Structures are given as C-alpha cells and as structure tokens.
Amino acid sequence: MSRTIRRTPGAVVLLLTVFVLVTIPAEATYHAVGHNVYGDWLGAYAEWPNPQEYYTYDTSSNNDFTAQVMWVATEGAVNGYWVEVGLTKGWKDDTSIWTFYWAEMTTSSYAEYRVDMPVGAKGDNHSYQVQYTGYNEWTAYIDFQPVGISAQAPPCVRVDVGAEVVYSGNMLTTTYPQHMQVLDRNTGTWEYWKDSGGTIMETDDPPFHWEWRDPGTYKLGKDFKL
Amino acid sequence: MRIFNWKPSVVLFVGLAVALVGVGVGGAASHQAMLPMPKGTPDDAVLLEPSDLDLPEASGGPYLPPDRVRGIALNVAASYTAKNDVTIEAVVLTTHGKLIEQGVFSPSFSVGESREVYLVTLRGSFIFTRRLAGHPPFEADYINIEIDASTGIDLATGTSKATQSEEVLAALNIASGTE
C-alpha cells in the first residue's frame, strides 16, 4: 500500500514510517495521498483547481464524503495531531454540500469547521496553506484568507496531500495538486517537496491510487478511480 | 544617576540580544503579512489577518426556535453515529466569540465573534471519520455542535469537554429561557 518514491538514508526511519502508515488499520475511510515525512517545518502549502464535483453516494454511512485535503501534522509527531484544510463533497448529514472546511486534532479534542467561502466553478484554482503563526498556534488559510486557528505546538514533521473517501464506490475526478511546499523551520524559506529534506512516500487504499505526474519536482499528482 | 556602569558596547550587545529574543518569541505571530510567502504565489499576495475579514456579525434576531435547533443538531449528530443512543444535554443561545473565549471551539472565521449561535451538547457513541492516513477514527461520547441562530447552518462540531461545566454553560448563555 505504501511505498517510497525516493530512497533516503536511514532504513530504520523508513521501516518505522511504513509500520506507522501500514499496520494501523485503515478503518472507515480510504486515502490516496502523497506524504512528505520526517522534516522540520513550520508550514505547508498546496494548490489545486476545483475538479468536477465529486459524486458521493449515500450509503449506510450518514457521513459520506469525498474530499481533497492537505493535512499538516503538528506537535512534532508523525501521527496523532494535525490541522487539515480542504474541499469536500458531503458535509455531515448532507451529501449534496460542496464546501471548503478545516479540522483539527489537538492533544485534547477533535473539531470540524465549515468554511463559508464560495468554492467557484470547475477549474478555479485555490491555494491551501497551514502555517505556524507563533504562540503555539497554527493558522489555516484558503486563498491567503485565514479560516481557523488551532492551538498546537510546532514543529510539523509530516504533510499529506490527497484524497479521503468514505465509500470505495465514490467517484473521484482527476485532480492535480501542485506547488506543494513546506516552510523550513531552520532557514525560514519555502521549499518544494523535493528540496525539503523529507522522505517522500504515498499511501493508496485500493481501489484509489495516487499517481506522481512529475517525480522530479513532486509538483503534480492525482487521485484517481475509474 | 547611573545604575549600571556598563560600557556602550555592552549596552549595544544587550540591546541587540533583547531585540533578537523579542523577534524570536513574538515576532512570528506579530503580523502574518510579514511571513514569507510560498514560491510561485502572486507578487502582491499576502496572508490576511482575521481583522481584515468582513464577517456576518450579530443579527439581532429573529432566532430559530429551540425545537428546530434540536432537529438540526440531531441530524448532524446522526452523521457521526450508527447507534440510536443520542441524547441532547443542553441547548444554549450564545455568541461565536463566547464559544471561543470559553474554549469550546478554536477561532474560526465564517462568522464574526458577535454572531448569535446556538450551542447544542449531546451524548452518544460518536465516530469522526475524517482523519490523517494511518490514524484510527476518533471516538467520543460527548460532542458540541455550533449552529448559526439565524440561518440554521451548522458551523462546527467538536469534542471539547469544557461545556460539561455548569459555570461554562452559564457564562455562555446570553438569553433566559434556553435549556
């Protein structure tokens, strides 16, 4: 399910990552995501054009959704705490809602927030950013506009970009996240994933898959299901 | 009167050190517009501040009746559970800002702080399925739902236990007659 795209020194680190990403059961949702793991960052950025609206089936789940998301892990942990921001078809009990949202898993609680901004038309490009803004606070932005602030400690050591789906029958349309970058804590500069010092990986929960369109720069990818 | 008999170079060094510490501790948060922007973004792109946003503030009413709010909350709660064990514990008319002040929700910017909202607290067996890949779904037996008191839009759902305190509920309440 998970495989490295670019080998980095440190077999132990790699094995640990594979352990974390593969052995924990992938219950309830399916992912097709690219990971950038084991960095020392204070922010993450990606952008993608709106796809054709996803089709989300209303199955036995009352919380069916199909979402394109950027997750930013916090508290210096690979898995456990994060801020996520993205675009979802399906929001809580209404599968027809097509909206931006953000969510947070902190050391004490979990919460989801609907973002009241116009999504626009198919092909409209939007940027998604989560950045440490000091005082143990991370701010989530869509198109450079703040949508929420989460109280969590730095740094970020993992960023994921990709899709999350409740039901394997949901229809994903092709999307191309691009300009995926992280904010280096030591230099204070934004770096493309390939220059970020992290380990680039992917997780595909069949039948979905992530396809690297430009492995040289990790600029383009897609989530895809026939 | 001189308290310290320091040489000018020492004073300069100390001043510089204090300034650097100030930048390191507080500077990152002082102004988002000063933060570096990602590569490839427009030259004039800046990160906006919450104060730059034009958000819906207090409507003054009319507000949805509590029974309607209960129905909305139960529909939202049903999306997090397959069981039929959900009970409503409290319905409180409050403001978006008070929910943030009391630690029920984090700051979010779909409405302004003065906007009137309902807080509904519920008990049950809830599962949140949105998650970081590899992380198990988050389970909770207690949730809070924030609903815009004028439009009925559910703004947020979370698992803070702050609202289990009667003092917090009292501090949130901006109207008599709520439950």
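In strand E6 of chain A, A:Tyr110 is the bridge partner of A:Met105. That pair is a good place to enter this predicted model. A:Met105 belongs to strand E5 of chain A, residues 94-105, which runs antiparallel to E6(A) and is joined to it by six bridges. The two strands, E5(A) and E6(A), form a hairpin. Four residues lie between them.

Stay with E6(A), which spans residues 110-115. This strand is mostly covered, with six of its six residues buried. The cover extends to both faces. On one side sit A:Tyr110, A:Glu112 and A:Arg114, all buried. On the other side are A:Ala111, A:Tyr113 and A:Val115, buried as well.

E6(A) also reaches across to the other chain. It pairs with strand E4 of chain B in the antiparallel sense, over three bridges. One residue pair shows where to look: A:Tyr113 has B:Ala156 in E4(B) as its bridge partner.

Now widen the view to the whole contact between the chains. Chain A gives 53 residues to it, and chain B gives 44. On the chain B side, three elements each supply at least two residues: helix H1 (8-30), helix H2 (66-78) and strand E4 (154-158). E4(B) provides the largest share of that side, five residues. Sorted by class, the side of chain B that touches chain A has 25 nonpolar residues, 15 polar ones and four charged ones.

Chain B itself comes next. It holds four helices and four strands. Read from the N terminus, its elements follow the order α-α-β-α-β-β-β-α. The chain has 179 residues, and 33% of them are buried. Take the contacts in chain B with a separation of 6 or more: 66% of these involve residues 24 or more positions apart.

Return to chain A and move along to strand E8, residues 137-142. Five of its six residues are buried, so E8(A) is largely enclosed by the rest of the structure. This strand has a partner before it in the chain and another after it. The earlier partner is strand E7 of chain A, residues 125-132, which is antiparallel to E8(A) and joined to it by five bridges. Here A:Tyr128 stands opposite A:Ile142 in E8(A). E7(A) and E8(A) make a hairpin with four residues between them. In that turn, A:Gly134 has a positive phi of about 95°.

The later partner is strand E9 of chain A, residues 145-151. E8(A) and E9(A) pair in the antiparallel sense too, over six bridges. A:Thr139 has A:Ile149 in E9(A) as its bridge partner. These two strands also form a hairpin, with two residues between them. A:Asp143 lies in this turn and has a positive phi of about 50°.

Next, look for the nonpolar interior. The largest nonpolar core has 91 residues. Residues of both chains are among those with the most contacts inside it. From chain A these are A:Ala44, A:Met70, A:Val72, A:Val85 and A:Trp102; from chain B they are B:Tyr118 and B:Ile147. Strand E2 of chain A, residues 30-49, contributes the largest share of this core, ten residues.

A:Val72 is a useful residue to follow. Leave aside its neighbours within four places in sequence. A:Val72 is then in contact with A:Ala44, A:Trp82, A:Val83, A:Val130, A:Cys156 and A:Val159.

How confident is the predictor, and where does its confidence drop? Chain A has a mean pLDDT of 85, with 82% of its residues at 70 or more. Over residues 1-27 of chain A, though, pLDDT stays under 50. For that stretch the model has 41 contacts beyond four places in sequence. Chain B averages a pLDDT of 85, and 79% of its residues score at least 70. Its residues 1-31 stay under 50, and the model has ten contacts beyond four places in sequence for them. For the complex, the predictor gives an ipTM of 0.86 and a pTM of 0.85.

Terms used. Residues are numbered from 1 along each chain as its sequence is written. Chains are lettered from A and ligands numbered from 1 in the order in which they are written. This is a predicted model: local features need pLDDT of at least 70, side-chain atom pairs count only at pLDDT 80 or more; totals for chains, interfaces and linings use all residues. Two residues are in contact if their C-beta atoms, placed from the backbone, lie within 7 Å. Ala, Val, Leu, Ile, Met, Phe, Trp, Tyr, Cys and Pro count as nonpolar, Asp, Glu, Lys and Arg as charged, and the others, Gly among them, as polar. Two strands pair if DSSP finds at least two bridges between them. pLDDT is the predictor's confidence in each residue, from 0 to 100. A residue is buried if 20 or more other C-beta atoms lie within 10 Å of its own, exposed if 12 or fewer, and partly exposed in between; C-beta atoms are placed from the backbone. A nonpolar core is a set of buried Ala, Val, Leu, Ile, Met, Phe, Trp, Tyr and Cys residues joined through C-beta atoms within 7 Å.
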